[in-house]
Amino acid sequence: MSRSIVVATAQLGPIARDEPRASAVARMIALMETAHSRGARLVVFPELALTTFFPRWLLEGDELDAFYETEMPGPDTAPLFEAAKRLGVGFYLGYAELLHEGGTTRRFNTSIFVTPEGEIAGRYRKVHLPGHYNHEDWRRFQHLEKRYFEHGDLGFPVFEAMGGTLGMCLCNDRRWPETFRVLGLRGAELIMLGYNTPQHYPQAPEHDHLQDFHNHLSMQHGAYANGAWVIGTAKAGREEGCDLIAGSCIIAPTGEIIARTQGVGDEVAVAEIDLDRCRELRENVFNFALHREPGDYGPICEGAEARAEERAEITRNSRFTASAD
């Protein structure tokens, strides 16, 4: 039985700060319909796809909360779920998640996978949060993900859907090989990720011209070294004065880009993928059981307890998380 499936990366152009969710959702439905017309049964949208990339500003209170989802689907996102059911298309969606648990407010940079039946089959919360906690005047724009989101508490789970084993991550996660390795060890055959990546890197502007290269380098290596398909989808273009890279793509287990977007706006790229092609790598050069040597990889996990305490200490001292909510 063939395990081939037509998939799509559904890139979004800029979303304005005052653009309502209904507009973003309508744009995503249009992309989903385009992908479906080209045969796609699975569509990958970007990270924080429902709003502008709000961590570029210092926000608090209701102004900040307005960028989060308290239910999924909610009134604004239900039409996307309904369109997926109507078309018979599964989709990955990134968004800001706000939870109220036992009197505590929790915030995550989250992605979900929704089946063609409209059911949430998998959930992921971003582990590798980039940026900083406190407002820094010297920056052209802020990157306050460490202030606005908790470290993800789900690890790197995989789930069964669309006839295969699927996994997810978000943006900065793709730069860390451990992300793909854990998903690979758990059997992920397709890894989906969305990103919002500025062209300008404030700490090392001499790397600005390498942003597209590094984006594809990390995803192509993750695909090849773990024998997995990877779909990466950007929010792209000039968003509120910040240029975001594009380059949304579909990558084979061999590390080859087989489809990609060409511009920086709303755009779909489609390809047929065969999940059985993962065996080409996993039964040969990256046969984990035969060639992997975990006994020599101890330094990778050293310092985990110290890192957790460091993160907790910074969180305790953060004015944002310490304030009443």
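A residue counts as buried when its relative accessible area is under 20%. By that cut-off, C169 in this predicted model is buried, because its relative accessibility is 0%. C278 is buried as well, since its relative accessibility comes to 2%. Neither cysteine is tied up in a bond of the sulfur–sulfur kind: the structure holds zero disulfides. For C169, the nearest cysteine sulfur belongs to C171 and lies 9.4 Å away. For C278, the nearest is that of C169, at 15 Å.

We may turn next to the nonpolar interior. The largest nonpolar core comprises 45 residues, and the members with the most contacts inside it are L42, F113, L166, L190 and M192. Strand β8, spanning residues 190-195, supplies the largest share of this core, with five residues. A look at L166 shows how parts of the chain come together: setting aside neighbours within four places in sequence, L166 is in contact with L42, F113, P157, V158, F159, A161, A188, L190 and M192. Another core lies apart from this one; it has 31 residues, including A24, M28, L31 and L80.

Two of the contacts of L166, F159 and A161, also feature in the pattern of strand β6, which covers residues 158-161. Side chains alternate along β6: F159 and A161 point to one face and are buried, whereas V158 and E160 point to the other face and are not buried. Strand β7 (residues 164-170) runs antiparallel to β6, and four bridges join the pair. Within this pairing, A161 stands opposite G164 of β7. The two strands form a hairpin with two residues between them, and in the turn M162 has a positive phi of about 55 degrees.

Helix α3, residues 78-87, offers a helical counterpart to this description, with L80, F81, A83, A84 and L87 as its buried residues. These residues lie on the same side of α3, because they cover an arc of only 160 degrees around the axis. The spacing fits a general rule: an α-helix has 3.6 residues a turn, so residues three or four places apart point the same way. On the face turned away from the buried side, α3 carries the exposed residues E82, K85 and R86. The cover over the buried residues of α3 includes helix α1 (21-37) along with strands β3 (90-101), β4 (104-114) and β5 (120-125). Just after α3 comes G88, which takes a positive phi of about 75 degrees.

Note on methods
Residues are numbered from 1 along each chain as its sequence is written. This is a predicted model: local features need pLDDT of at least 70, side-chain atom pairs count only at pLDDT 80 or more; totals for chains, interfaces and linings use all residues. Side-chain values use heavy atoms; hydrogens and water are left out. A disulfide is a pair of cysteine sulfur atoms within 2.5 Å. Buried means under 20% relative accessible area, exposed over 50%, partly exposed in between (1.4 Å probe, protein chains only). A nonpolar core is a set of buried Ala, Val, Leu, Ile, Met, Phe, Trp, Tyr and Cys residues joined through side-chain atoms within 4.5 Å. Contact means heavy atoms within 4.5 Å. Two strands pair if DSSP finds at least two bridges between them. The arc is that of the directions from the helix axis to the C-beta atoms.
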